[in-house]
Amino acid sequence: MPPPFFHRSRRPRWWPENEPWPPQGPPARPAWRQRSRFFVGRFVALFLFLALFTVGGCALTLWVTVAASRAAGIPAGAVPFLGFSAFVVVTLSFVSALRGLVRMTAPIGDLMDAAGQVEAGDYATRVRERGPREVRALARAFNAMTARLQSDAEQRRNLLADVTHELRTPLTVIQGNLEGLLDGVYPADEAHLAPILEETRVMARLIDDLRTLSLAESGALKLHTESTDLGVLLGEAAASFRGQADAAGVTLTVNVAPELPLLELDPERIREVLGNLLSNGLRHTARGGALQITAEAAGEKNARVTVTDTGAGIPPEALPRVFDRFYKSADSDGSGLGLAIAKNLVVAHGGEITAESAVGKGTRLEFTLPLERKDF
C-alpha cells in the first residue's frame, strides 16, 4: 500500500518515469518463508507464555515461602534469603528452558527455509548441523538428501548432453545421405543405402544400450535366472567373437576350472557382459596379441570370470572412470556404454567388477558371480 500522504490519482513531477505509480509495497515473501516465520512466531508466543508463567511462579513461590516460614517459626530475617533463593532457582529454570527452546527452534527454522529453497529447485542448499542430537541427525539426513538430489540432477543433465552428442553423428549421416538421394546427387544403389542402414543399426544399439542401462541403474531390470553351466556360456560367447578375433589376428582362448558348479544367473545378461568385455578387448588389442577368458572359484561363495588382453592398456588417470557412462578413449569408436552396462548387470546379479591395467601391458577385467542361489 502507498503511504497515506500520497495521492493515488496524481503522479508527482519528481517521480521517476520508469517506476510504477502508485508505489507498490514490498514483494510478498515466498510461502515457505512465511511458514518459517509463522513457525518461529508460535515459539515466540510460547516464550511469552513461559515468561508470564515464570513471573506468576516466582510470586507464588515467594508467597508460599513466606507463609511456610511463618508456620515453621523461621526467623523473619531469613525469609528474604529464602525468597531470593526460590526466585533464583525459578529464574535459572526459565533461562535453561529458554536456551533449550532457542536451540530447538533455530535449527528447525533453518531446515524449513532450506526445504523451501529445495522446493524452488536449489539442490545445492545445505544446512548447518546444530542443536540437539535428534535435530542434528535430521539436518544430516537433509544434507544427504539434497546432495543426492543435486547429483541426480547433474547426472540427468550430463546424460541428456551425452545422448544428444551420440545421436547427432548417425542422424547427420542419415540426413546427408537421404538428402543426396532425394536431390539426385547420389544414386539409390547399395553403396549409398548401406551406410544409412548401418547408421540406423548404430542408433538402435545405442537406444537398446540406454534402455538396459536405465533399467539397471533404477533397479527395475528383470533378470530371468536359470541354472547355467558357466563354462558352456563362456564357450558360446567366445565362439561368437572367434571370427572377429581371427580376422584381427588376435588369439582368443577360454580356460574354465572343472570344479565350478551350476550358477543361478540370467544367461542372456551375462552373455551381454561378456560381449562388452570381449568387444572392448578386441578393439584395443593389436594384431599378434592375445585375449584370454578364465573362470574359477573365488572362495566358497563366488565364481570369478577374468578377461585379459595384451592391448595398449589404460592410462592411470583414466582407469577410475572406465565404468562411467559415455566415457571412452580418444581412439575408441564405441558409444562409451559397454563397460557401464557390464558393471550394472554384474551388480544386478549380486557380483562386483574391477579393472586393472598398465600402459603397454594390457588390461585385466574381472567380475564375480555368487555361487549360492539368490532371489532376484
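What follows is a conversation between a biologist and a modeller about a predicted model of one protein chain.

Biologist: Before the details, how many helices and strands are there in the protein chain, and in what order do the elements run?

Modeller: The protein chain holds seven helices and seven strands, and from the N terminus on the elements run α-α-α-α-β-α-β-β-α-β-β-α-β-β. Buried residues make up 32% of the 376 residues, and, among contacts with a separation of 6 or more, 67% join residues that lie 24 or more positions apart.

Biologist: What makes α3 roughly antiparallel to α4?

Modeller: Helix α3 (residues 133-182) and helix α4 (residues 190-218) pack at an angle of about 160°, their axes being 9 Å apart. Angles over 145 degrees count as roughly antiparallel, and therefore α3 is described as roughly antiparallel to α4. The crossing of these two helices, α3 and α4, is left-handed.

Biologist: Which residues of α3 and α4 meet, and of what classes are they?

Modeller: From α3 the contact includes L159, V163, E166, L167 and P170, and from α4 it includes H192, L193, I196, E199 and T200. The residues of this contact of α3 with α4 divide into 14 nonpolar, three polar and two charged.

Biologist: Why is L149 called partly exposed?

Modeller: L149, which has its place in helix α3, has a relative accessibility of 29%. Partly exposed covers the range between under 20%, which is buried, and over 50%, which is exposed, so L149 at 29% counts as partly exposed. Leaving aside neighbours within four places in sequence, L149 is in contact with V118 and Y123, while L149 and G121 are 28 residues apart in sequence and 9.8 Å apart in space, C-alpha to C-alpha.

Biologist: And N280, is that residue buried or exposed, and how do you know?

Modeller: N280, whose place is in helix α6, has a relative accessibility of 19%. Buried means under 20%, so N280 at 19% counts as buried. Not counting residues up to four places away in sequence, N280 touches L339 and L365.

Biologist: How do α6 and α7 pack, and which residues meet there?

Modeller: Helix α6 (residues 267-283) and helix α7 (residues 338-348) pack at an angle of about 145°, with their axes 9 Å apart, and the crossing of α6 and α7 is left-handed. In α6 the residues R269, E272, V273, N276, L277 and N280 meet G338, L339, I341, A342, L345 and V346 in α7. By class, this contact of α6 with α7 has seven nonpolar, three polar and two charged residues.

Biologist: Which residues have the most contacts inside the largest nonpolar core?

Modeller: The largest nonpolar core has 49 residues, and those with the most contacts inside it are L230, L277 and F367. Helix α5 (residues 230-248) provides the largest share of this core, seven residues. A second, separate core of six residues includes L111, V118, V127 and A139.

Biologist: What makes a residue such as F367 eligible for a nonpolar core, and which residues is F367 in contact with?

Modeller: A nonpolar core is made of buried residues of listed kinds, Phe among them, joined through side-chain atoms within 4.5 Å, and F367 is named in the largest core; F367 is therefore a buried Phe joined to that core in this way. Leaving aside neighbours within four places in sequence, F367 is in contact with V273, L274, L277, A303, R304, V305, V346, E352 and I353.

Note on methods:
Residues are numbered from 1 along each chain as its sequence is written. This is a predicted model: local features need pLDDT of at least 70, side-chain atom pairs count only at pLDDT 80 or more; totals for chains, interfaces and linings use all residues. Side-chain values use heavy atoms; hydrogens and water are left out. Buried means under 20% relative accessible area, exposed over 50%, partly exposed in between (1.4 Å probe, protein chains only). Helices (H or I, at least four residues) and strands (E, at least two) are DSSP runs, numbered from the N terminus. Contact means heavy atoms within 4.5 Å. Axes are lines fitted to C-alpha atoms, for helices over the stretch in contact, and angles run from 0 to 180 degrees between N-to-C directions. Angles under 35 degrees count as roughly parallel, over 145 as roughly antiparallel, 65 to 115 as roughly perpendicular and the rest as oblique. A crossing is left-handed if the near helix is turned anticlockwise from the far one by less than a right angle, and right-handed if clockwise. Ala, Val, Leu, Ile, Met, Phe, Trp, Tyr, Cys and Pro count as nonpolar, Asp, Glu, Lys and Arg as charged, and the others, Gly among them, as polar.
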